[in-house]
Amino acid sequence: SAAGIDVDTCPNIYTNLNGRLPAQINQIQGRLAFELNPTLPGAAAATVIANQIQQAYIKNNIADAATTAADLIRQNAVLNVVHDAGKLAGQRANDPAAMVLAVGRAQATAQQNAAWINYGKVAEQALPVFRNVIEAITYAMFPLFVLLLLLTSGKETMTAFKGYANTLIWIQLWPPLYAVLNYMAATYAAYDLAAAADLGTGTKSLSLQTASTIYSRAISGEAVVGYLSMSIPFIAWSALKRMENLGTALVGGLSGLQAALSGAT
């Protein structure tokens, strides 16, 4: 309180916290409304959020129709607090298992974010050079390629010409694919960061309350885009080959992600 810190009995403390919870619940509900409905105006999102939360619980049979959205949010908020406090209490109570699990999850997330961000930094510097060198070599080989065509005939000539044309088309597919990736990433980040910056009252700002969420989401989004940017050459080649190997290229990257997460955890 304004007068300082008071020590009291559990029933009195419960009454004190119970009186302060409704304002916090309204703030959380307002933030959830915008996160779950980023394309709706603030007033419309606030109108539909209560029914969305209730129906999600009723559909999965973990709440009945008489439970209000405010009660569900309140319950989850308290559950999250107890869960997070358990990680801190694990250190005080000498519970190494709780601390190891918490540290492992945080470390795995940080390592994967760092790895994917590094993918983006490497792609930013290496891929333009890589593309330009391949394009220059392909153009420089054109006179030699024409001479080699004189040594072929019929189907062999068409096959050789097709291979040369495929290489040229593959290189030219990179810029439009990058443009699509950039557009999708920018659109997703705009909604995601706007939701993270929402204070629950319709006001959006970068403040001490929202800074952690905004920065963590921005880093995660940048990390994912960095990882995808390294896949552009594979996606372009798969598109050229009628998308036959697209799944193999992407699943191979996800296998590496699984290995990294397992090792870090």
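**A guided view of an all-helical chain**

The protein chain contains nine helices and zero strands. Read from the N terminus on, its elements therefore follow the order α-α-α-α-α-α-α-α-α, each helix or strand being a DSSP run numbered from that end. The model is a predicted one. The chain has 265 residues, of which 23% count as buried.

A useful place to begin is the largest pocket. The space within this pocket amounts to about 420 Å³. Three elements each give two or more residues to its lining, namely α1 (10-36), α2 (42-59) and α3 (69-92). Among these, α3 gives the most, with eight residues. The lining consists of 14 residues, and those nearest the centre of the pocket are Ile28, Ile73, Asn76, Ala77 and Val78. As to character, the lining comprises ten nonpolar residues, three polar residues and one charged residue.

The next helix to consider is α4, which spans residues 96-140 and holds both Glu135 and Arg131. These two residues form a salt bridge, in which the closest N and O atoms are 2.9 Å apart. The structure holds one salt bridge. Within the helix, Glu135 and Arg131 are separated by four residues, about one turn. Both partners are buried: this holds for Arg131 as well as for Glu135.

From this buried pair, attention may pass to the surface. Leu144, Leu147, Leu148, Leu150 and Leu151 together make a nonpolar surface patch of about 570 Å². One of these residues, Leu147, belongs to helix α5, which covers residues 142-149. Leu147 counts as exposed because its relative accessibility is 53%, and the term applies over 50%.

Further along the chain lies helix α8 (residues 232-240), where Trp237 is found. With a relative accessibility of 34%, Trp237 falls between the limits of 20% and 50%, and therefore counts as partly exposed. Trp237 also illustrates how the fold relates separate parts of the sequence. Trp237 and Thr167 are 70 residues apart in sequence, while their C-alpha atoms are 8.9 Å apart in space.

Taken in order, these views lead from a pocket lined by residues of α1, α2 and α3, through the salt bridge between Glu135 and Arg131, to the leucine patch that includes Leu147 and finally to Trp237 in helix α8.

Key:
Residues are numbered from 1 along each chain as its sequence is written. This is a predicted model: local features need pLDDT of at least 70, side-chain atom pairs count only at pLDDT 80 or more; totals for chains, interfaces and linings use all residues. Side-chain values use heavy atoms; hydrogens and water are left out. On a 1 Å grid over the protein atoms alone, a cavity is a set of points where a 1.4 Å probe fits but cannot get out, and a pocket is an open set with protein on both sides within 12 Å along at least five of seven lines; lining residues have an atom within 4 Å of a point. Grid points are joined across faces, edges and corners, and a volume is the space filled by probe spheres set on the points. Ala, Val, Leu, Ile, Met, Phe, Trp, Tyr, Cys and Pro count as nonpolar, Asp, Glu, Lys and Arg as charged, and the others, Gly among them, as polar. Patches are made of residues with over 30% relative accessible area and no salt bridge: like charges are joined within 9 Å, nonpolar side chains (Val, Leu, Ile, Met, Phe, Trp, Tyr) within 5 Å. Accessible areas come from the Shrake-Rupley method with a 1.4 Å probe; for residues, only the protein chains shown count as cover. A salt bridge is a side-chain nitrogen of Lys or Arg within 4 Å of a carboxyl oxygen of Asp or Glu. Buried means under 20% relative accessible area, exposed over 50%, partly exposed in between (1.4 Å probe, protein chains only).
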